[in-house]
Amino acid sequence: MSLAQDQRNELLFVGFNQDYGCFACGTDNGFRIYNVEPYRETFRRVFPNGGIGIVEMLFRTNLLALVGGGRNPRFPPNKVMIWDDHQNRCIGELSFRSEVKAVKLRRDRVVVVLSTKIYVYRFSDLHLQDQMNTLPNPRGLVALCPDNNNTVLACLGINKGSVRVELYDSRKSTLIPAHESELSQIALNLDGTRLATASDKGTLIRIFDTYSGELLQELRRGMDRAEIYSLAFNASSTFVACSSCKGTVHIFALGADGGMNSSSGSGGGGGGGGRQGGVVRSGSLDNVGVGGGGVGGDEVKNTTSGLSFMRNLLPQMTPRYFSSEWSFAQVRGLEAKTVVAFGAREQTLICVGADGSYMVSNFAKGGEAERVSYKKLVKSAEEEDEDHFATTPSSSSGGGLPPPPSSTSLPPPRGNMGTANVNGSDAGPLQAIS
C-alpha cells in the first residue's frame, strides 16, 4: 500500500509478503523488514540520500523490487529496481516513461502497474510476457496469485467497475462486471480461486469465482460511503477482511468452499462440497448468514438483518439492504490508513498503519475483536538510540537479509539480470540486455 501521497504518514509504503509472514516498510531513508509472528524487526537497509516508495518482497528471500519515493527518492519513480540484498546492489532494472504505481512478484513473474498499463515479465531474465491496457489506475490496483501451481492475475478492465482476470495456465481471460462504480480495492486468495472487490462507494464487498466469474457472496461493510484501504483473505479462504477510512476493520465469514452466495444455493466454478446456502431467519434483531469454519470446527456466521425474511415475501419491494450480510467481527479505533492480513494463529488479524502502528487482534468470539498486542514501528530518535536492534540480529549495513527458510528460498540469479527499457504505453516486445 503506497502512502507517499499523504505527507502526514510516518511511512511511505507498507506491504505484506506473499504468505503474510513478513511485511516491508518504505521510509524516507531506506526500507525495513519485519517478522509478523513473533513480531520483530529483522532487517533494515539505510540509504544515506533517498527514500523508497515501494518495497515488494519475494517471500522471505534476498530479492526485492524497489521503487524510489518520498521527498528525495533513492531511485527514479519511473524505474523498478530488482535488489539483491546478499550482494547489496541492484541486479536488474525496468524503466518506463511514467510513474510506477505498484509492483507484484512471484517466483516466475514480475508485474508492473502504470497509470493505464500493466506489464508482466519473466523473473529470470525480465523478458516481457504480457501487457494489457486498463482504465486510469491511480491506486495501482492489481492482484497476483503466489501459488506456483496456479498463475492468476487480476487487474482493472477497460470498463468502469470491471475486473479482468487472467488465468495463464488455462489460457483463459475472464471479465467480471464487479461494480457499477469505480473500483477501490481488489484481492485474490492464496490459490487464486477467489476474488474480492470493493468499489469507491465502499459499502459492499463482493466475492467472485475467478474461473467462472460467478458472484458467490455479497457482504456489506456499511451504509455510508467510505474509502476502502485494504482487502485480504485468510489462508484457508474462510474469512475476508477490509479496512477503510472509518477507522474500523470488518471481518466477514465466507462459505466452507471459500465463498458462497447466500441467495443462490450451492457455489460454483471450482467450489467444493456443494453445501446448501441460505440465511437463518428468526424474529430476533440480528440473525446470521453463510459462514466459514471456526475454532474446533464450529461454524462462524455473519450477521444479517432481522427483516431479511421480507426479501422472499416481497422481492420486488424490499431493498437489498434487508438481505445483506454484515461483518462477523470488527477491529475498531484505528487512527490511520491501514493494511491488513490474517495471522498464522487461528482467527487473529494483523493491522499495520501508516502512522507506524502494528496491532494484533483476536476475533474468535465475533463482535468487537480483542486486542492482543500493540507496537510502534516508528520511534523517536531517543527511543531508537535506546533499543535499536537490541533484541534482533538486524543490521543497517552489510550482512543482508537473514537466510530464508528452505521452503521459501530462491537462489539468487547468476550474474546481472540486465537492464530493460519500456518506452511509452505502446512499447514493443522487451529485450533484456545481458
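Asp 28 counts as partly exposed, at 35% relative accessibility. In this predicted model, the side chain of Asp 28 meets that of Arg 71 in a salt bridge, with an N to O distance of 3.0 Å. Asp 28 sits in the loop between β2 (22–27) and β3 (30–35), and Arg 71 in the loop between β6 and β7 (79–84), so the pair ties together parts that are 43 residues apart in sequence. Arg 71 is exposed, its relative accessible area being 67%.

**Other salt bridges**

- The protein has 13 salt bridges by the rule applied here.
- Glu 218 and Arg 206 form one of them through their side chains, at 2.8 Å from N to O.
- Because Glu 218 belongs to strand β20 (residues 215–220) and Arg 206 to strand β19 (residues 204–209), this pair ties together parts that are 12 residues apart in sequence.
- Both Glu 218 and Arg 206 are buried.
- Arg 106, Asp 108 and Arg 109 are joined into one network by salt bridges that share partners.
- Within that network, the side chains of Arg 109 and Asp 108 meet at 3.7 Å, N to O.
- Arg 109 has a relative accessible area of 17% and is therefore buried, since the cut-off for buried is under 20%.
- Asp 108, with a relative accessible area of 27%, is partly exposed.

**Nonpolar cores**

- The largest nonpolar core contains 37 residues.
- Phe 31, Val 80, Phe 96, Val 100, Val 103, Val 110 and Val 112 have the most contacts inside this core.
- Strand β6 (residues 63–69) supplies the largest share of the core, 5 residues.
- A second core, separate from the largest one, has 18 residues, among them Ala 232, Phe 239, Ile 251 and Leu 334.
- With neighbours within four places in sequence left aside, Val 103 is in contact with Ile 54, Glu 56, Ala 65, Val 67, Val 80, Val 110 and Val 111.
- In soluble globular proteins, nonpolar side chains tend to be buried together.

**Whole protein**

- The secondary structure consists of 2 helices and 33 strands.
- The protein has 434 residues, of which 55% count as buried.
- About 18,600 Å² of the protein is exposed, and carbon and sulfur atoms supply 47% of that area.
- Of the contacts between residues at least 6 apart in sequence, 46% join residues at least 24 apart.

Terms used: Residues numbered from 1 in each chain as written. Predicted model: local features only at pLDDT ≥ 70, side-chain atom pairs only at ≥ 80, totals over all residues. Heavy atoms only, no water. Core = buried A, V, L, I, M, F, W, Y, C linked by side-chain atoms within 4.5 Å. Buried < 20%, exposed > 50% of the residue type's maximum accessible area, 1.4 Å probe, protein only. Helix = DSSP H or I, 4+ residues; strand = E, 2+ residues; numbered from the N terminus. Contact = heavy atoms within 4.5 Å. Areas by Shrake-Rupley, 256 points an atom, 1.4 Å probe, with all protein chains shown as cover. Salt bridge = Lys/Arg side-chain N within 4 Å of Asp/Glu carboxyl O.
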